[in-house]
Amino acid sequence: MGEVLEHVERPADFLRHMMKCSHEHTASYVTTVIDAPERDHIYHFHSPEEVFDLVDSAGLRVRDYRLVTYNGKPVEKVMRLHEPILVAMILTA
């Protein structure tokens with residue numbers, strides 16, 4: 001699921017429903033963005049921890065993840081500058 005969470009009002013509910021519709025041993029690939037305020041982004045994430053807490057609140061586990069900057073800058077610098085970061089995760093129940 002590519003960059004959908006920021007487009008829904010209740011992303012934790014969305015994740016719960018996604019996993020409920022999946023086989024119990026499914027691993028899901030999910031991406032979202034941090035610090036990417038756009039007109040169509042209903043939900044604005046401000047940090048990787050906020051995304052991971054949301055996943056946890058949905059009853060899911062982050063099996064693996066990557067943080068990717070759009071411009072190749074180090075993640076720490078991009079976080080300080082509040083520039084967009086892509087969060088890619090493998091989620092399991």
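A contact here means heavy atoms within 4.5 Å.

This is a predicted model, where local features need pLDDT of at least 70, side-chain atom pairs count only at pLDDT 80 or more, and totals for chains, interfaces and linings use all residues. Residues are numbered from 1 along each chain as its sequence is written, and side-chain values use heavy atoms, with hydrogens and water left out.

**View 1. The whole chain, with its 3 helices and 3 strands.**
Of the contacts with a separation of 6 or more, 63% are between residues 24 or more positions apart. Going along the sequence you meet α-β-α-β-α-β; helices (H or I, at least four residues) and strands (E, at least two) are DSSP runs, numbered from the N terminus. Along the principal axes, the C-alpha atoms fit a box of roughly 40 × 25 × 20 Å. The radius of gyration is 13 Å, which agrees with the value near 12 Å for a compact globule of 93 residues. For that comparison the radius is taken over C-alpha atoms, and the globule rule is 2.2 Å times the number of residues to the power 0.38.

**View 2. The surface and its charges.**
About 5700 Å² of the protein is exposed, and carbon and sulfur atoms supply 52% of that; the areas come from the Shrake-Rupley method with a 1.4 Å probe, and for residues only the protein chains shown count as cover. Buried residues are 37% of the 93, where buried means under 20% relative accessible area, exposed over 50%, and partly exposed in between (1.4 Å probe, protein chains only). There are 10 positive and 15 negative side chains, and the centres of the two sets sit 3 Å apart. Lys and Arg count as positive, Asp and Glu as negative, while His and the chain ends are not counted. Each charge is placed at NZ of Lys, CZ of Arg, CG of Asp or CD of Glu.

**View 3. Helix 1 and its buried residues.**
Helix 1 covers residues 11-20, and its buried residues are Pro11, Ala12, Leu15, Met18 and Met19. Looking down the helix axis, these fall within an arc of 120°, so they line one face of helix 1; the arc is that of the directions from the helix axis to the C-beta atoms. Their cover includes strand 1 (28-34), helix 2 (48-57) and strand 3 (85-92).

**View 4. Helix 2, from its buried side to its exposed side.**
Pro48, Val51, Leu54 and Val55 are buried in helix 2. Down the axis of helix 2 they stay within an arc of 125°, so they too line one face. Turned away from that buried side are the exposed residues Asp53 and Asp56. Among the elements covering the buried residues of helix 2 are helix 1, strand 1, strand 2 (61-69), helix 3 and strand 3. After helix 2 comes Gly59, with a positive phi near 80°.

**View 5. Two buried residues of strand 1, Val30 and Ile34.**
Val30 is buried at 0% relative accessibility. Leaving out neighbours within four places in sequence, Val30 is in contact with Met1, Leu5, Met18, Val87, Ala88, Met89 and Leu91. For scale, Val30 and His82 are 52 residues apart along the chain, with 22 Å between their C-alpha atoms. Ile34 is also buried, with a relative accessible area of 0%. Not counting residues up to four places away, Ile34 touches Phe45, His46, Ser47, Pro48, Val51, Glu83, Pro84, Ile85 and Val87. From Ile34 to Gly2 the C-alpha distance is 13 Å, with their positions 32 residues apart in sequence.

**View 6. Thr92 in strand 3.**
Thr92 counts as buried at 10% relative accessibility. Skipping neighbours within four places in sequence, Thr92 makes contact with Met19, Thr26, Ala27, Leu60, Arg61 and Arg63.

**View 7. Backbone oddities at Glu3 and His82.**
Most residues other than glycine have a negative phi. Glu3 is not a glycine, yet its phi is positive, about 45°. Glu3 belongs to the segment before helix 1 and is partly exposed, with a relative accessible area of 31%. His82 likewise has a positive phi, near 55°. His82 is in the loop between helix 3 (75-81) and strand 3, and counts as exposed at 56% relative accessible area.
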